[in-house]
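Reader: I would like to learn how to read features of a structure, beginning with the terms for surface exposure. Could you take me through them step by step?

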Amino acid sequence: MPTASVTDFLEDTLKKCGGLGRFQWMIIASVLGGKVSVTWSMLMMSFGGAIPNWSCQWGNQSSFTVDIHGTDNTCSAPSNYSDLICVRKTFDPSLHTGVSEWDLVCDRDWITQTITTIQMGGLLFGGLVAGQIADMFGRKPTYFLSMLMLFVFNLVAAFSTSWKMFAVLRFLIGIGCGFYLTVFFTFTIEFISGKYRPMLIAIPSWPIYAAAFGGMVCLIHDWMYLHIATAVATLPWLFTWWIIPESFRWLVANYKVDRAKKIIERMARINKKPVPDLSKIDFLSKSISNDGKKYTIGDVLKNRDLLKKTVLLGVGW
C-alpha cells in the first residue's frame, strides 16, 4: 500500500505540473533525438556488409594472367580454365564497404554475417544489463553512457585496421544500442502522465531516422565516413546532459527527495504551472519498504508471475 500511495502521489503531482507541457516536450525531443545514433548504428551493417561488384585477375603459379570475360562476382574460373586461380580481386571503387576493405568474399564471405551476429550479441548483452544499471545508478547516467559509447565506438570503428578489430567494435556498439533501447522509453514516460504515454509509442522516430540513413548512404558511399557521420550525429545529444534531469520518480524511490523536489519545481516553472504541495513527499518516500536487498534478474526468474510475463513479452517482441 505505501508504494501505491507514493505512485499515486507522484502521478497526481505530475498532472498538476502539466502532464504534457513544454518540459515534457523538451525531454521527448532530447531523448528521441538521440535515437538517430541508435538507428544509424543498427543499420550500419546493411551498408557495411554490402558486396560491391568485383572481378578477379586470373592467373597460375607462374604469374601468367588471363582475362576471362563474364566471370565478374564469381569465385572460381570456368571449367576450361581450371588451372587458373583468382590472383587478385578488384572491387568497384564507387562503393567502399567492409567487404571491399577486407576482401570478404568467396571463402571469407561468412565473416560479414558473423560480424552482424556479434553486433546483435552486444545488443542482447546490453539489454540484459542496462535495466539493472538503470535501477542501481539512475536512468540519466545509463542513457548518457549509451550515447557516449555510441559516439566513441563509432568514431573508433571508422579507423579499424582489421575485420577482427571491427567486429569487436561492432559488439561494443551493440552494447551501446542495448543500453539506449532498454532505458529510453522508461526514462521518458516517467516524466509523462499516464494519459499521454501511449502517444510516445506513436512518434515515428525510428522510420524517420532510417529514411535519413538511406539518404546519407546515397551521399556517402564509404563505410568509414558513415561511421564518422554517425559519431557526429551523436555528439550534440551528449550536451543535453545539462538539459535532461534525472527521473524524479527514481530519485524518490531511492530516497533522494531534495533532488526530486528541485526537478518537480523546475518542471512546474517551465510548464508555467504553480508548484504543487510537496510536504508529503518526505513521509511517503520514507514509507517505501527498504529491506536492503538489491533486486536482480534472478528475482524475475524466481517469481512465477514475473517470469511468465517476461517470457510472453519476449516471444511477442
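Author: Let us begin with the words themselves: a residue is called buried when its relative accessible area is under 20%, exposed when that value is over 50%, and partly exposed in between. Please keep in mind that this is a predicted model. Phe239, at 52% relative accessibility, therefore counts as exposed, and Trp242, with a relative accessible area of 66%, is exposed as well.

Reader: How are Phe239 and Trp242 arranged as an aromatic pair?

Author: In general, a pair of aromatic rings is described by the distance of the centres and the angle of the planes. A search of the whole structure finds 16 aromatic pairs. The one formed by Phe239 and Trp242 is stacked, with 6.5 Å centre to centre and 25° between the planes.

Reader: Which residues form one aromatic cluster, and what lies over the face of Trp241?

Author: The cluster consists of Phe23, Tyr143, Phe144, Tyr180, Phe184, Phe185, Phe187, Phe191, Trp241 and Phe248. Over the face of Trp241 lies Lys140, at 4.3 Å from the ring centre.

Reader: Turning to helices, what span should α5 have, and how far apart are its end C-alpha atoms?

Author: At 1.5 Å a residue, the 28 residues of α5 should span 40 Å, and the end C-alpha atoms are 40 Å apart, which agrees. The helix, which covers residues 110-137, nevertheless bends by about 30° at Val129, and it is followed by Gly138, whose phi is positive, near 115°.

Reader: Which residues of α5 are buried, and what covers them?

Author: An α-helix has 3.6 residues a turn, so residues three or four places apart point the same way. In α5 the buried residues are Ile111, Thr112, Ile115, Gln119, Gly122, Leu123, Gly126, Ala130 and Ala134, and the elements that cover them include α3, α4, α6, α7 and α11. Thr116, which is found in the same helix, α5, counts as partly exposed, at 29% relative accessibility.

Reader: Is Ser285 buried or exposed, and what is it in contact with?

Author: Ser285, which lies in helix α13, is buried, with a relative accessible area of 1%. Leaving aside its neighbours within four places in sequence, Ser285 is in contact with Val252, Tyr255 and Val257. Positions far apart in sequence can also be compared through their C-alpha atoms: those of Ser285 and Val6 are separated by 7.0 Å, although these residues are 279 residues apart along the chain.

Methods: Residues are numbered from 1 along each chain as its sequence is written. This is a predicted model: local features need pLDDT of at least 70, side-chain atom pairs count only at pLDDT 80 or more; totals for chains, interfaces and linings use all residues. Side-chain values use heavy atoms; hydrogens and water are left out. Rings of Phe, Tyr and Trp (its six-membered ring) pair if their centres lie within 6.5 Å; planes under 30 degrees apart count as stacked, over 60 as edge-to-face and the rest as tilted. Buried means under 20% relative accessible area, exposed over 50%, partly exposed in between (1.4 Å probe, protein chains only). A charge sits over a ring if NZ of Lys or CZ of Arg is within 6 Å of the ring centre and within 35 degrees of the ring normal. Helices (H or I, at least four residues) and strands (E, at least two) are DSSP runs, numbered from the N terminus. Contact means heavy atoms within 4.5 Å. The expected span of a helix is 1.5 Å times one less than its number of residues. The bend at a residue is the angle between axes fitted to the seven residues ending there and the seven starting there.
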